[in-house]
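Colleague: Could you walk me through this model? I would like to hear about helix packing, a buried helix face and some unusual backbone angles.

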Amino acid sequence: MSMHAPTMDPTKMGIGRSIAVLTSGGDAQGMNAAVRATVRVGLYTGAKVFFVHEGYQGLVDGGDHIRPATWESVSMMLQLGGTVIGSARSKDFRTREGRMMAARNLVKLGITNLCVIGGDGSLTGANEFRTEWSGLLADLVKGGKITEEEAKKSSHLNIVGMVGSIDNDFCGTDMTIGTDSALHRIIEVVDAITTTAQSHQRTFILEVMGRHCGYLALVTALACGADWVFIPEMPPDEGWENHLCRRLADQRARGSRLNVIIVAEGAISKDGKPITSEQIKKLVTDRLGFDTRTTVLGHVQRGGTPSAFDRILGSRMGVEAVMALLEATPETPACVVSLSGNQAIRLPLMECVQVTKDVTAAMAEGRFDDAIKLRGKSFENNWNTYKLLAHINPPDVKSNINVAIMNIGAPCAGMNAAVRSAVRMGIIQGHTMLAVHDGFDGLAHGQIEPINWNSVSGWTGKGGSNLGTKRTLPSKMLEQISLNIAKFNIHALVIIGGFEAYVGGLELVQAREKYEEMCIPMVVIPATVSNNVPGSDFSIGADTALNTITSTCDRIKQSAAGTKRRVFIVETMGGYCGYLATMAGLAAGADAAYIFEDKFNIKDLEVNVEHLIEKMKTTVKRGLILRNENCNANYTTDFIFNLYSEEGKGVFDCRKNVLGHMQQGGTPTPFDRNFGTKMGAKSVLWLTDKLKECYRHGRIFANTPDSACVLGMRKRALTFQALTELKSDTDFEHRIPHTQWWLKIRPIMKILAKYNIKLDTSEHADMEHVIKKRSALGK
């Protein structure tokens, strides 16, 4: 793929080319974001772009179903669920005659690039269409339906797929468009049911979508701490009925007022027979006499507004899809664009389809371990974390290790999920867990008490910080802290929090020379809405804050669309870190986002005002400007508001909105619950290993740099990095890391807002392969 030189001007890449975009199969939230990005980036490259209405059926019917798309025609689509251009299951396209009609319609319009957003069936169909393209054209020429000339002009069809499916059932992609939003819907229901079940001591059975894939069920179970989960990939062992009843009875005996069982609609037993929610209800009612209720979620999961994650995912994939289409040659295989970690990647479409089919085959043949492996790393991690946290009774043998847990910095959603899983994982390992209240202050003043399995039940879905948190750093209280570490016999420390958690951890490490009490293993888990902790691409809490900002901006845009000619200036949090402003800008469709890392001057402000004045001449008569709270000491929110108000006089009027502390509150999103749960569990497993390494002559002594780490998400994996090694990548004055991955997706926001900037296409995604994962299974 390196044939295209990075010097190529992206705004001219598409001149003379035509792209058609269609959505097919079951709808998914975020499809509209993908359509919008495909259209706008296509137009940005100079290409012509067409909508195909009603999926493949529209391709066959042609005529009014295939219409030119304009910049304005995709305005206000971002926050809508479903697919605006419609989707239909097409019988006609399955026939060769139907595909011939479709080919003719495309040739007549000169369209040779097709972007398909749908599930694996839709994408397989697209690939078939591509392989028989030349045959279809030959027949059309023979039948006199198209001319030789037309056939020559359209001799080759390029195809790029994006996976839109709420099941997340497509192999090779971490997340498909719509999965995160579906989880949002499910978690809203689980939270609502939990409150009523608590009142009545009930058992709730919740059935979620996923005929062949248990992803939604599994993540839901992780995110709500369910007692049991049934998924097609991993049927329960023989005699599961007894085991399930025993667990439910145990939980009740421990004082739990609520049991939750999650069932994927495709759940099966070892012999391949379906396990239904009704069957489970009968079992629990007959054997235990528990008051049991069943809720089948059904199409609720497909509905509602797309989450911030799905909007960003759809937008980023739309950009990558256009680039992949315009860079494709007759030799490159049809590809899907996808996200792995936070990297946009391209994968050969048929390899993904093949692995997806292999999973179904493995399940049919009872090779369930293979099925889980083929689903990919993140599915496997979820499964292992779930098994560890849900199904183990604490061991009888104690380790005589005390692990203390604390929260540092401002509160954020997901902190409690991390505390819960760390506490439970510690108990499973035989440790005694200690809760430290109010951060380093509490550590200095001895606000420390044991915390047990039951004291953290129900914490996953609670916002804020139950332990209490403070911003105070330890350097002034080292003496008292070391005394308390000795007094409470603390052998390891889990520090959950923001930039202060990192700096505080560093201060403790630096104090090791003077205080040997500090020579214990420590781990910092990044948890802050600002996402500014070095060593991690994401921090717990940022996703929840992003959704809060995005939904507020949706409402503001709605108000502006009603009044017309109005520009809103919205101030977001983040300290000096522009992550929230940038990502919310992408998710809410902002015209500009001012941040500290991307320096701007009066000329830039002038360009932005001009841009809005031009925009008011179109049908989209509204503007949204985001400003990070610390982006510039002199260009304050008031200054920018006054500047825009003055310059826009007679063309538009302005309003300003400071979002403030609502960004730190709220119920954690599925992502933050899941992320917090995985990080909490992983941190304690790591500490257990480190403690074994550091055990000398009957005591713990940890003095190496790698015994105090940040646990972070890097590209595609959770990794541990020494606190001291991250110093060089940290700007301590502004409390941000020097390198931030999300800066390179800022241009996407500008292009989608119609700025003619240069997109750096040199660092484009190369084609990767999924098949390599399969060879590993043979071992």
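Modeller: Gladly; what follows is a short round of questions and answers on a predicted model.

Colleague: Let's start with packing: how are α14 and α23 oriented to each other, roughly parallel, roughly antiparallel, roughly perpendicular or oblique?
Modeller: Two packed helices are described by the angle and the distance between their axes. Here the axes of α14 (residues 377-390) and α23 (residues 670-693) come within 11 Å and cross at roughly 70 degrees. Angles of 65 to 115 degrees count as roughly perpendicular, so α14 and α23 are roughly perpendicular.

Colleague: And is the crossing of α14 and α23 left-handed or right-handed?
Modeller: For handedness, we look at the turn of the near helix from the far one. An anticlockwise turn by less than a right angle counts as left-handed. The crossing of α14 and α23 is left-handed.

Colleague: Nice. By class, which residues make up the contact of α14 with α23?
Modeller: From α14 come Ser378, Asn382, Thr385, Leu388 and Leu389, and they meet Asn674, Thr677, Lys678, Ala681 and Leu685 of α23. Sorted by class, the contact holds 4 nonpolar, 5 polar and 1 charged residues.

Colleague: Let's move to α5: why do its buried residues lie on the same side?
Modeller: The buried residues of α5 (residues 133-142) are Trp133, Leu136, Leu137 and Leu140. An α-helix has 3.6 residues a turn, so residues three or four places apart point the same way. The buried residues of α5 are on the same side because they cover an arc of only 100 degrees around the axis.

Colleague: What covers those buried residues of α5, and which exposed residues are on the face turned away?
Modeller: The cover over the buried residues includes α3 (96-109), α4 (120-131) and α6 (148-153). On the face turned away from the buried side, the exposed residues of α5 are Ser134 and Lys142.

Colleague: Now the backbone: where is Met76, and is it buried, partly exposed or exposed?
Modeller: Met76 has a positive phi of about 65 degrees although it is not a glycine, and most residues other than glycine have a negative phi. Met76 is found in the loop between β3 (66-68) and α3. Its relative accessibility is 25%, so Met76 counts as partly exposed.

Colleague: And what about Lys754: is it buried, partly exposed or exposed?
Modeller: Lys754, also not a glycine, has a positive phi of about 75 degrees. Lys754 lies in the loop between α24 (746-752) and α25 (772-775). At 46% relative accessibility, Lys754 counts as partly exposed.

Note on methods
Residues numbered from 1 in each chain as written. Predicted model: local features only at pLDDT ≥ 70, side-chain atom pairs only at ≥ 80, totals over all residues. Heavy atoms only, no water. Axes fitted to C-alpha atoms, helices over the stretch in contact; angles between N-to-C directions. Helix = DSSP H or I, 4+ residues; strand = E, 2+ residues; numbered from the N terminus. Parallel < 35°, antiparallel > 145°, perpendicular 65-115°, else oblique. Contact = heavy atoms within 4.5 Å. Nonpolar A, V, L, I, M, F, W, Y, C, P; charged D, E, K, R; others polar. Buried < 20%, exposed > 50% of the residue type's maximum accessible area, 1.4 Å probe, protein only. Arc of directions from axis to C-beta.
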